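Biologist: I am new to this structure and would like a close look at a single part, the hairpin, with its surroundings explained carefully. Please go on from there to the charged pairs, the cysteines and the pocket.

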Amino acid sequence: MGFKTRVVAALLVGLLMSACDKAPESSFSDAPVAFHPNDECHVCGMVINEFPGPKGQVVERGGVKKFCSTAEMLGWWLQPENRHDDAKLYVHDMGRSQWNAPDDKHLIDARTAYYVIGTGLKGAMGVVLASFADEAKAQKVAADTGGRLLRFEQIDLALLQQPMPMMHSGH
């Protein structure tokens, strides 16, 4: 083996060894992701897209958890063992989406959203929380439906577990 060949080989070995010392580049993104037709709710296992109304998702380094409703996501999140500092929570902005087909381009930060409860709108099982980025749009829906405006901090497990009145199929 010639001198030049040994120098090149030594350089290659050095480069390979130094590459092993580097931490892998992280491709983690905490941005919201699209809902897909076969996605199942992290809590109840139901197919998410079979329900009208806003959906929720929790995005964290360990993966994305998707929920069939904002209330289902918040109920899961409010349990102490599920709270992680690095998690991002997203809900659909119903001020820019159709109720029966929320648009994934309009997922917003759940912590800054405005919520309307008691609208009579049909959603997944349990309490229906309509989520909005714009306070005026949320107030209008509350006024038009007899609902009540809430902020993220006002939502607790007791609120989410209250019995809801029976809904007629026409709603």
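Modeller: What follows starts at the hairpin and then moves outward to other parts of the chain.

This is a predicted model, in which local features need pLDDT of at least 70 and side-chain atom pairs count only at pLDDT 80 or more, while totals for chains, interfaces and linings use all residues. Residues are numbered from 1 along each chain as its sequence is written, and side-chain values use heavy atoms, with hydrogens and water left out.

The hairpin is made of strands S1 and S2, with two residues between them. Strands here are DSSP runs of E with at least two residues, and helices are runs of H or I with at least four, both numbered from the N terminus. S1 covers residues 56-60 and S2 covers residues 63-67; they run antiparallel and are joined by five bridges, where two strands pair if DSSP finds at least two bridges between them. Glu60 of S1 stands opposite Gly63 in S2.

In the loop between the strands lies Gly62, which counts as exposed because its relative accessibility is 78%. The classes are set by relative accessible area with a 1.4 Å probe and protein chains only: buried is under 20%, exposed is over 50%, and partly exposed is in between. Although Gly62 and Phe28 are 34 residues apart in sequence, their C-alpha atoms are 9.4 Å apart in space.

Glu60 also takes part in a salt bridge with Lys65, the closest N and O atoms being 3.3 Å apart; a salt bridge means a side-chain nitrogen of Lys or Arg within 4 Å of a carboxyl oxygen of Asp or Glu. With a relative accessible area of 7%, Glu60 is buried.

Across the whole structure, a search finds five salt bridges. One of them joins Asp93 to Arg96, with the closest N and O atoms 3.1 Å apart. Asp93 counts as buried because its relative accessibility is 4%, whereas Arg96, at 46%, is partly exposed. Another links Asp144 and Lys140, with a closest N to O distance of 2.7 Å. These two residues are four apart in helix H3 (residues 135-145), so about one helical turn separates them, and both are exposed.

The cysteines come next. A search of the whole structure finds zero disulfides, a disulfide being a pair of cysteine sulfur atoms within 2.5 Å. Cys41 is in no disulfide, and the nearest cysteine sulfur, that of Cys44, is 3.7 Å away. Cys41 is buried, at 4% relative accessible area. For Cys68, the closest cysteine sulfur is that of Cys41, and the 3.7 Å between them is too far for a bond. Cys68 is buried too, with a relative accessible area of 0%.

Last comes the largest pocket, which holds about 180 Å³ of space. Of its 13 lining residues, those closest to its centre are Ala71, Glu72, Gly75, Leu160 and Gln161. Helix H2 (70-77) and helix H4 (157-160) are the elements that give two or more residues to this lining, and H2 gives the most, with four. A pocket is found on a 1 Å grid over the protein atoms alone, as an open set of points where a 1.4 Å probe fits, with protein on both sides within 12 Å along at least five of seven lines; lining residues have an atom within 4 Å of a point. The volume is the space filled by probe spheres set on the points, which are joined across faces, edges and corners.
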